[in-house]
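Welcome! Here is a short, friendly tour of a protein chain, with a look at its rings, its contacts and one of its helices. Have a look at the picture first, then read on.

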Amino acid sequence: MVRGALGILGFVLLGLASSAALAAAGDETAQAGNPPATKLMPTGDSITEGNGSTSGLGFRALLYDSLNAVASFDFVGSPDSPGGEPPYEGHFYGGQRINAFRPGGAHDVAAPMNSVQPDMVAVHLGTNDINSTAGPYGPWSGNHGSTTTAHASGKLGALVKYFLDWRDGTHGTFLDQVVLSRIVPIVGRDLDMEVYNREVVRMVLDFRNGAVTGTPEPVYLADHYIQFLSNPAYATQWMDDDLHPNDAGYDQMESVYTRAVLQSLADAVPPATPTDLAIGTQNGESVLLLWTNTGDDGTSGDASYADCRYATGSITDTNFKLQNQGGNYGLIGSGGQVAGERITGLSVSTNYNFALKLMDDASQLSGMSNITSAPTLASADIWKDAFNRNMTSPGIDWSAEPEWVVNGTELENTGLTSSLKLAIFRLVDDAQECQFTWGAGATSAGIDNGGFAVRLDTSDPSTADGY
């Protein structure tokens, strides 16, 4: 790359200088003939500083060692960042909100961006905005990033756009990647964290799809939030207080950042395009989308997230990036597995078109899926599953033994024995009425041996009071 060529040229030209000058040049460019280190600027608040850790360095020392075990990285930043002595530099200041890093803020990123010219920034911000200001914390934008809101997530989106000024030529062209964090949860603020971190994913998807600037941007997701939620006891095992991780928590952050940084540099293979998007359970305000996961690299491995879009008009490859976003952006499961995402906030008795892309852990996007359509029902109090889908799995709203499969537009028990096979609809509690229709393929023997029951008292069949 051009930066590497200039680094080697500088080494040759300095060959006639003093030995001290030559040594300084060697620190910046590593050894002659080797590409220079990737300059990474960790950016954030007291979590990036490392409050709550025994060393006071948090994840930074761990991340530095992990990255340099694979390739050459140089942490850079501001000389006055607390605890930011070499080699663990960065641009981080405890107690600061997002606006402090934006133009004119107390810690405007312009100074370090211009002086140290990082190739990559890794951003973990928003904790103090949520902890010290009232919500709402999303949405980040009402038009996929053309403008940003005054919410905390909107301020974060504006900061990412500001960073990209050092990529698009406004202030420079040296920035190659922005690694953006879904932040560590604040203990006791579950709903607020869900809203903010949902918007972080939507933001990354908007940048990756090219909706914000007109071209896909190298903004990559580091999902600390999902990592912490994977441990139901994270609040006691991984947190030093309500805001800051402890040593075990910073170990988790290092793992997430290492994976995100290295994948952003090395993984260029997107998930394969899903081809069987279908409709599951629906009511007057929501529709469940179902599909078969492809993979991380093509059909190999596991994709991570679903970028679900919906519209009352047509959806095409061209306008996909500008359609409504839906879903909660949890991990979608293993490759080859049927996955689902419920799209909420819809209008009653309205026909919608749906499509999706899958995103892997390197924030690479698949092609757009097939389009599927469905009208919402006339009431939010009625739930319906018509089984009109091209897959055998009943989907995530059902807990069914393997003999139960979708066949055409029917749910069919394919078991050949007389033993009872259960298919449990898990979605609705306290139902007042239940209806079903025998399928065209039902036999008199099957009807005689079949049954329909409402389980009472509990979702656990082994302890239910009755049916």
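A helix here is a DSSP run of H or I with at least four residues, and helices are numbered from the N terminus. With that in hand, we can place a residue: Val 160 belongs to helix 7, which covers residues 152-163. Please keep in mind that this is a predicted model.

**Around Val 160**

- Is Val 160 buried or exposed? Its relative accessibility is 1%, and buried means under 20%, so Val 160 counts as buried.
- Which residues does Val 160 touch, leaving aside those up to four places away in sequence? They are Val 178, Leu 180, Met 203, Phe 207 and Val 219.
- Take Phe 207 from that list: Val 160 and Phe 207 are 47 residues apart in sequence, while their C-alpha atoms are 9.4 Å apart in space.

**Aromatic rings**

- How many aromatic pairs does the structure hold? There are 12 aromatic pairs.
- One of them joins Phe 59 and Tyr 257, with 5.1 Å from centre to centre and 55 degrees between the planes, and this pair is tilted.
- That pair links distant parts of the chain, 198 residues apart: Phe 59 sits in the loop between helix 3 (46-49) and helix 4 (60-68), and Tyr 257 sits in helix 11 (residues 247-266).
- Both Phe 59 and Tyr 257 are buried.
- Why is the pair of Tyr 162 and Trp 166 called edge-to-face? Ring planes over 60 degrees apart count as edge-to-face, and here the planes are at 65 degrees with the centres 5.0 Å apart, so the pair fits that label.
- Tyr 162 has a relative accessibility of 10% and therefore counts as buried, and Trp 166 is buried too, with a relative accessible area of 1%.
- Tyr 64, Phe 75 and Tyr 88 are linked into a cluster by ring pairs.

**A charge over a ring**

- Where does Arg 208 lie? Arg 208 is over the face of Tyr 220, at 4.6 Å from the ring centre.

**Helix 8**

- Helix 8 runs over residues 190-209 and has 20 residues; at 1.5 Å a residue, its expected span is 28 Å.
- The C-alpha atoms at the ends of helix 8 are 28 Å apart, so the model agrees with that expectation.
- Most of helix 8 is covered, with 16 of its 20 residues buried.
- After helix 8 comes Gly 210, which has a positive phi, near 85 degrees.

Terms used: Residues are numbered from 1 along each chain as its sequence is written. This is a predicted model: local features need pLDDT of at least 70, side-chain atom pairs count only at pLDDT 80 or more; totals for chains, interfaces and linings use all residues. Side-chain values use heavy atoms; hydrogens and water are left out. Rings of Phe, Tyr and Trp (its six-membered ring) pair if their centres lie within 6.5 Å; planes under 30 degrees apart count as stacked, over 60 as edge-to-face and the rest as tilted. Helices (H or I, at least four residues) and strands (E, at least two) are DSSP runs, numbered from the N terminus. Buried means under 20% relative accessible area, exposed over 50%, partly exposed in between (1.4 Å probe, protein chains only). A charge sits over a ring if NZ of Lys or CZ of Arg is within 6 Å of the ring centre and within 35 degrees of the ring normal. Contact means heavy atoms within 4.5 Å. The expected span of a helix is 1.5 Å times one less than its number of residues.
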